[in-house]
Amino acid sequence: MAKPTPPLLEDALTVLRTSTHGSNYHTFRSTAEKDRLRTLLLVWYDKNQRTMPWRVPCREGGVQMDASPKSEEEQAQRAYEVWVSEVMLQQTQVATVIAYYTRWLKKWPTIFDLAKATPEEVNEVWAGLGYYSRAKRLHEGAQLVVKRFAGRLPRDAAKLEKEVPGIGPYTAGAIASIAYNLPAPLVDGNVVRVLSRLRSIGGDPKRKEVVALHWSLASEALDRTRPGHFNQALMDLGATICTPQNPACGKCPVNEVCLAFAEQKAHKIIAGEKFAGGQATIAHDSAKIEDPCTLCLSVPDIEDYSVTRYPLKVAKKAPRAESLLANLWDFPTIPIPITDPASESYTTRKELANAYLQSLGLDLTGGDGGIKVLERDSVGEAVHLFSHIRRRMIVEQVVVCGDVADGVASVVEGAPGGGGMKRKRGAGGKGGVRKKGKRSGVAEDEDEYAGEGNVEIPTAAVPRAWKWVTEEEMMEGGVAVPATLKKAWGVVCKCGGGGTAKSSAHVKGKGRDQPGKKRSTARRGKKTRDSDEDDESEDD
């Protein structure tokens with residue numbers, strides 16, 4: 001007697017043979033199927049939970065641990081820790097976050113400690129993690145929670161999202177389920193991939209209707225008794241088994257309820273039928289299907305019907321990097337296109353730098369700005385890799401003397417380095433301006449748009465703050481600076497232009513003492529809007 005075909009495989013065979021399906025194809029078939037998914041996934045998670053400093057173990061000494069903290073104070077502290085970890089994990093790998101999370105909790109062990117911090121202190125601890133708007137949201141959110149909620153993040157996911165700026169549906173779901181053990185679903189990139197494969201969702205994962213479907217499925221599948229563990233299990237499954245490429249389907253604990261896995265089996269069965277001259281693909285009129293699916297794109301008859309077809313891969317938008325270095329002080333930076341070889345010449349870069357600095361009130365051309373240039377050299381290059389951005393920096397150092405105060409300049413539309421430009425994927429110049437006898441200054445970059453092709457930059461004139469700082473302030477945390485600045489300054493030092501400050505006003509450089517030498521930095525960005533987009537570009 002032939003063994004009965006599993007329901008999922010039967011559905012997959014029908015869909016592949018007819019090349020069409022209804023919207024109910026992406027739903028769970030029964031309560032029993034959902035219960036089976038929960039059981040299989042949690043049993044796997046209890047044995048394979050990843051160890052992270054912000055997590056509470058599922059089991060200790062072979063004994064199942066309580067999923068929720070025991071006191072309100074412990075729950076509130078847990079919520080703060082989950083919040084910090086989830087914000088740091090946005091667009092950042094776990095291995096990178098661990099050290100930052102540990103350092104953050106050591107400096108600000110409670111939400112009350114964080115609320116008392118200054119923006120500069122927050123940016124200093126965050127420096128190097130990227131997407132600095134995240135640090136700003138955490139800091140401002142902590143201050144609000146302390147003031148409005150006595151330091152306790154709301155328990156309800158909807159209230160979290162509504163009341164605390166910077167907390168979206170995912171973070172709200174994470175805090176509510178993991179810290180408070182409340183039945184709140186969450187959807188991140190790993191969960192999208194797992195659910196897309198579990199239910200064979202072939203639509204654009206960023207399309208509104210597809211997003212809603214993923215959230216609906218996440219809510220349906222959620223284990224109500226252990227929601228935090230279940231959500232973390234989904235994420236761990238996506239990170240370790242159901243990976244973007246080369247997923248370990250044979251080791252997947254939930255492959256028996258995975259529709260994409262069933263389709264893969266069905267494709268092999270149909271291929272065998274065709275080879276044997278058996279059943280062929282059946283033509284089917286989608287108009288005859290009740291409630292046909294309008295989300296999925298048609299699937300061609302391809303040789304390898306892999307689960308990696310899900311989720312659908314769509315073309316990415318032109319990237320922007322403005323949030324990576326927002327609210328940090330940096331050297332003046334002028335983007336230049338690599339499409340024009342002449343733009344990389346020292347003469348061209350010097351002209352661009354002069355024009356940009358003139359817009360800030362710093363005239364290096366011998367005008368009436370009260371500044372005398374003592375030395376000016378192109379000193380080398382450095383490359384810095386962000387999470388998805390390759391930045392090439394061509395570094396120039398300038399030694400000046402004169403009397404110029406800190407200030408704010410308005411960079412007008414079309415000025416080099418300012419608003420109103422179109423920037424191409426490029427390499428650019430980074431100035432290492434040094435001044436004798438006084439603090440020196442440059443500008444506050446509002447934007448760092450760069451990427452594949454042309455990217456339109458807002459055209460409004462923007463105020464940019466600039467000031468002179470010492471090397472000690474710049475390198476030892478006196479001001480919040482990005483890793484790119486330190487790397488560019490390293491190029492200057494290798495060429496003999498840097499040194500170790502003997503005091504805040506006496507720096508050794510180029511083989512001689514230069515009293516009062518100061519370093520110039522520029523602040524990047526006014527307050528930028530929040531962004532956690534995937535950025536893939538090269539800029540200066």
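The lining of the second largest cavity is made up of twelve nonpolar residues, one polar residue and one charged residue. This cavity belongs to a predicted model, in which a search of the whole structure identifies five cavities of 30 Å³ or more. The second largest of them encloses about 110 Å³ of space. Of the 14 residues that line this cavity, R197, C242, C249, C252 and C258 are the closest to its centre. Helix α10 supplies the largest share of the lining, with three residues.

Helix α10, which spans residues 189–198, also packs against helix α12, which spans residues 227–240. The axes of the two helices lie 8 Å apart, and the packing angle is about 80 degrees. Because angles of 65 to 115 degrees count as roughly perpendicular, α10 is described as roughly perpendicular to α12. On the α10 side, the contact is made by N190, V191, R193 and V194. On the α12 side, L234, M235, L237, G238 and A239 take part. Sorted by class, the contact of α10 with α12 comprises six nonpolar residues, two polar residues and one charged residue.

A further packing arrangement involves helix α2, which covers residues 31–48. The axes of α2 and α12 come within 9 Å and cross at roughly 75 degrees. This crossing makes α2 roughly perpendicular to α12. Residues R38, L41, L42, W44, Y45 and N48 represent α2 in the contact. They meet H229, F230, Q232, A233, L234, D236, L237 and T240 of α12. By class, the contact of α2 with α12 divides into eight nonpolar, four polar and two charged residues. Residues L234 and L237 of α12 thus appear in the contact with α2 and also in the contact with α10.

Electrostatic pairs were examined next. The structure holds 16 salt bridges. One of them is formed by D236 with R50, with the closest N and O atoms 2.9 Å apart. This pair links distant parts of the chain, as its two members are 186 residues apart. D236 is located in helix α12, whereas R50 is found in the loop between α2 and β1, the latter comprising residues 59–60. In addition to its salt bridge with R50, D236 is among the α12 residues that meet α2.

Taken together, helix α12 packs against α10 at an angle of about 80 degrees, crosses α2 at roughly 75 degrees, and carries the residue D236 that pairs with R50.

Note on methods
Residues numbered from 1 in each chain as written. Predicted model: local features only at pLDDT ≥ 70, side-chain atom pairs only at ≥ 80, totals over all residues. Heavy atoms only, no water. Axes fitted to C-alpha atoms, helices over the stretch in contact; angles between N-to-C directions. Helix = DSSP H or I, 4+ residues; strand = E, 2+ residues; numbered from the N terminus. Parallel < 35°, antiparallel > 145°, perpendicular 65-115°, else oblique. Contact = heavy atoms within 4.5 Å. Nonpolar A, V, L, I, M, F, W, Y, C, P; charged D, E, K, R; others polar. 1 Å grid on protein atoms, 1.4 Å probe; cavity = no way out; pocket = protein on both sides within 12 Å on 5 of 7 lines; lining within 4 Å. Points joined across faces, edges and corners; volume = space filled by probe spheres on them. Salt bridge = Lys/Arg side-chain N within 4 Å of Asp/Glu carboxyl O.
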